[in-house]
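Dear colleague,

I am passing on the structure below, and my notes on it follow directly after. Please read them with the coordinates open beside you.

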Amino acid sequence: MFTLLHNLYKYCKKRREREVSIVIIGLDNAGKSTLLSVLKGAVDHSVTPTWGFTSETIAEGRHKVTYFDLGGGKKIRGIWPRYFSEVYGVIYIVDSADTDRLAESKDALFSSIDDSRLAGKPILIVANKQDLPNAQSADAVALSLGLDTVRKSSYRIVGGVARTLPGSPIDPNLAKGMRWMMDMIQNNFEELSVRVQKQTEEQRALEKKEADERRARVEKMREERRRQQEL
Amino acid sequence: MGLLTLLRKLKRSDREARILVLGLDNAGKTSCLKRLSDEDITHIMPTQGFNIKSLVHDGFKLNVWDIGGQRTIRPYWRNYYESTDGLVYVVDSADRRRLEESGVELQLLLEETKLAGVPLLVFANKQDLINALPAHEIADAMNLHAIRDRPWQIQACSAKSGDGLSEGMEWMVKNMKTQ
Ligand SMILES: Nc1nc2c(ncn2[C@@H]2O[C@H](COP(=O)(O)OP(=O)(O)OP(=O)(O)O)[C@@H](O)[C@H]2O)c(=O)[nH]1
Ligand SMILES: Nc1nc2c(ncn2[C@@H]2O[C@H](COP(=O)(O)OP(=O)(O)OP(=O)(O)O)[C@@H](O)[C@H]2O)c(=O)[nH]1
Ligand SMILES: [Mg+2]
Ligand SMILES: [Mg+2]
């Protein structure tokens, strides 16, 4: 009896300790950092552009979810794929009122979801800034992004307002979208975690190899400099 | 906007914060800081030890430590790690040859336990030079994407023109977790 209980305890504990990471991407000014601040518990109305990486770990039921917030500007977007291996899901944010840039957003979205490291992982698309008068509806945004051509099971689009009033909770539509994402992750957890672990190890190995090579090149350069100084 | 203006905008409950500025020699560390303080930057000599800039506003004190980056001085960097709230790493964006060396030195810093979790601001300096690399290429060459244990930001800037400096510092001050 005791061992049974003990095993049950261990089982529950293991289940409770599920750690997953989710990456938040989308063009600059879409509202990624704003959403992160809301998830963290207090909306930040004075966000500044991200030119790098921030993360936040939040308990969601039995999951410990780490959100990666990356810069979306044209010249920093290139870092996105570096995070694809280790994530369980993607939140892709679109500024629904920035109609001039929907085509650009579509390109950025597709070059991401076509990446094999994201295949089969849930992708939540947020048609953000629905509070703005010129915002396109979530359906219109879906059409502009060409989402009708994507396999439906692994993505969902929700319209919403990331920037809440101070003290207000997260937009219920966004909350619903996030719940969908967590359900998707939970339902496929075993399969996803095996893939994520394998891909992450590969990524780490590659990064280590690159770092070792860099170190060796720098050592060689320093050696040459020393020799020249001695001459 | 200089450092002091930035400080005035802050509403912090903390009394003191410490920012450490590191990077290879000739990267422009001293120039960046002098520029932020609206001082003359035409006659700057390589830093042999360190410069410290202390700013006080409304009971809050910001101490910025600028350490010399010459190779012979680098072993002494570790004397300054203690109780650092923010790390600013300055890179000469036009010095392609030494970009990897700069990245390797940064990697060593990131492995320091005393600097664990400290937010990192990389100043991609000297953007006024025509052969300066854009910030994202520097981020790539320095392997910044491998960092998971702290927030980081790469800010294109020029101590010469003043561009980008206060934006970078604003990010830093916002992201410091002072006790
Ligand atoms: N009206 C409205 N504005 C929003 C909403 N969400 C974010 N914003 C504003 O949009 C601007 C950009 O928001 P950020 O969160 O910095 O955008 P980001 O996607 O992180 O941008 P980068 O860091 O540059 O990639 C800010 O001024 C936000 O206040 C929203 O739902 N409605
Ligand atoms: N063109 C250009 N030159 C710069 C810039 N910033 C610094 N420099 C020049 O780069 C050289 C080195 O600048 P410093 O500020 O002394 O560099 P440092 O990083 O403090 O160097 P150490 O003290 O030796 O570690 C000087 O000749 C500066 O004038 C910049 O933004 N643009
Ligand atoms: Mg952002
Ligand atoms: Mg100096």
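For the contacts described here, two residues count as touching when heavy atoms lie within 4.5 Å. Please keep in mind throughout that this is a predicted model.

Chain A

With that cut-off, among the contacts in chain A between residues at least 6 apart in sequence, 75% join residues at least 24 apart. Chain A holds six helices and six strands, and, read from the N terminus, these elements follow the order α-β-α-β-β-β-α-β-α-β-α-α. Taken along the principal axes, the C-alpha atoms of chain A fill a box of roughly 70 × 65 × 40 Å. Of the 231 residues in chain A, 48% are buried, and the accessible surface of the chain comes to about 12400 Å², with 53% of it belonging to carbon and sulfur atoms.

One helix of chain A that I looked at in detail is H3, which covers residues 102-113. Its twelve residues reach 16 Å from the first C-alpha to the last, which is close to the 16 Å expected at 1.5 Å a residue. The buried residues of H3(A) are Leu102(A), Ser105(A), Ala108(A), Leu109(A), Phe110(A), Ser112(A) and Ile113(A). As for what they pack against, the partners in chain A are three strands, E1 (18-25), E4 (89-95) and E5 (123-128), together with helix H4 (138-145).

Ligand 1 and the magnesium ion at chain A

Around ligand 1 there are 20 residues, of which Lys32(A), Thr34(A), Thr50(A), Gly72(A) and Arg163(A) come nearest. The largest share of this shell, three residues, is supplied by H2(A). Several backbone atoms approach oxygen atoms of the ligand: a backbone N or O atom of Gly31(A) lies 2.9 Å from an oxygen atom of ligand 1, while for Thr50(A) the corresponding distance is 2.8 Å, and for Gly72(A) it is 2.8 Å. Taken alone, ligand 1 exposes 650 Å², and the protein buries 89% of that area.

Which protein atoms are the donors of the magnesium ion that is ligand 3? They are OG of Ser33(A) and OG1 of Thr50(A), lying 2.0 Å from the ion. Ser33(A) belongs to helix H2 (residues 32-40) of chain A, whereas Thr50(A) sits in the loop between H2 and strand E2 (52-60), so the pair ties together parts that are 17 residues apart in sequence. Both Ser33(A) and Thr50(A) are buried.

Ligand 2 and the magnesium ion at chain B

Ligand 2 is surrounded by 20 residues, and the closest are Lys29(B), Ser31(B), Thr47(B), Gly69(B) and Asp128(B). Here the largest share of the shell, three residues, comes from H2(B). Two side chains make polar approaches to the ligand: an N or O atom in the side chain of Thr30(B) is 2.8 Å from an oxygen atom of ligand 2, and an N or O atom in the side chain of Ser31(B) is 2.6 Å from an oxygen atom of the ligand. The backbone takes part as well, with an N or O atom of Gly69(B) lying 2.7 Å from an oxygen atom of ligand 2. Taken alone, ligand 2 exposes 650 Å², of which the protein buries 83%.

For the magnesium ion that is ligand 4, the protein donors are OG1 of Thr30(B) and OG1 of Thr47(B), lying 2.0 Å from the ion. Thr30(B) lies in helix H2 (residues 29-36) of chain B and Thr47(B) in the loop between H2 and strand E2 (50-57), so this pair ties together parts that are 17 residues apart in sequence. Thr30(B) is buried, and so is Thr47(B).

Other points in chain B

Helix H5 (residues 165-175) of chain B is mostly covered, as eight of its eleven residues are buried. These are Leu165(B), Ser166(B), Gly168(B), Met169(B), Trp171(B), Met172(B), Val173(B) and Asn175(B).

Two loop residues are worth a look for their backbone angles. Asn26(B), in the loop between strand E1 (16-22) and H2 of chain B, has a phi near 75°, a positive value in a residue other than glycine; Asn26(B) is exposed, with a relative accessible area of 55%. Asp38(B), in the loop between H2 and E2 of chain B, likewise has a positive phi, near 55°, and is a residue other than glycine. Asp38(B) is exposed, with a relative accessible area of 67%.

With best regards

Definitions and conventions: Residues are numbered from 1 along each chain as its sequence is written. Chains are lettered from A and ligands numbered from 1 in the order in which they are written. This is a predicted model: local features need pLDDT of at least 70, side-chain atom pairs count only at pLDDT 80 or more; totals for chains, interfaces and linings use all residues. Side-chain values use heavy atoms; hydrogens and water are left out. Helices (H or I, at least four residues) and strands (E, at least two) are DSSP runs, numbered from the N terminus. The expected span of a helix is 1.5 Å times one less than its number of residues. Buried means under 20% relative accessible area, exposed over 50%, partly exposed in between (1.4 Å probe, protein chains only). Donors are N, O and S atoms within 2.8 Å of the metal (3.2 Å for Na, K and Ca); water is not among the atoms, so sites may look incomplete. A residue is near a molecule or strand if one of its heavy atoms lies within 4 Å of it. A polar contact is a pair of N or O atoms within 3.5 Å; within protein, one must be able to donate a hydrogen and the other to accept it, and residues adjacent in sequence count only if both atoms are side-chain atoms. Accessible areas come from the Shrake-Rupley method with a 1.4 Å probe; for residues, only the protein chains shown count as cover.
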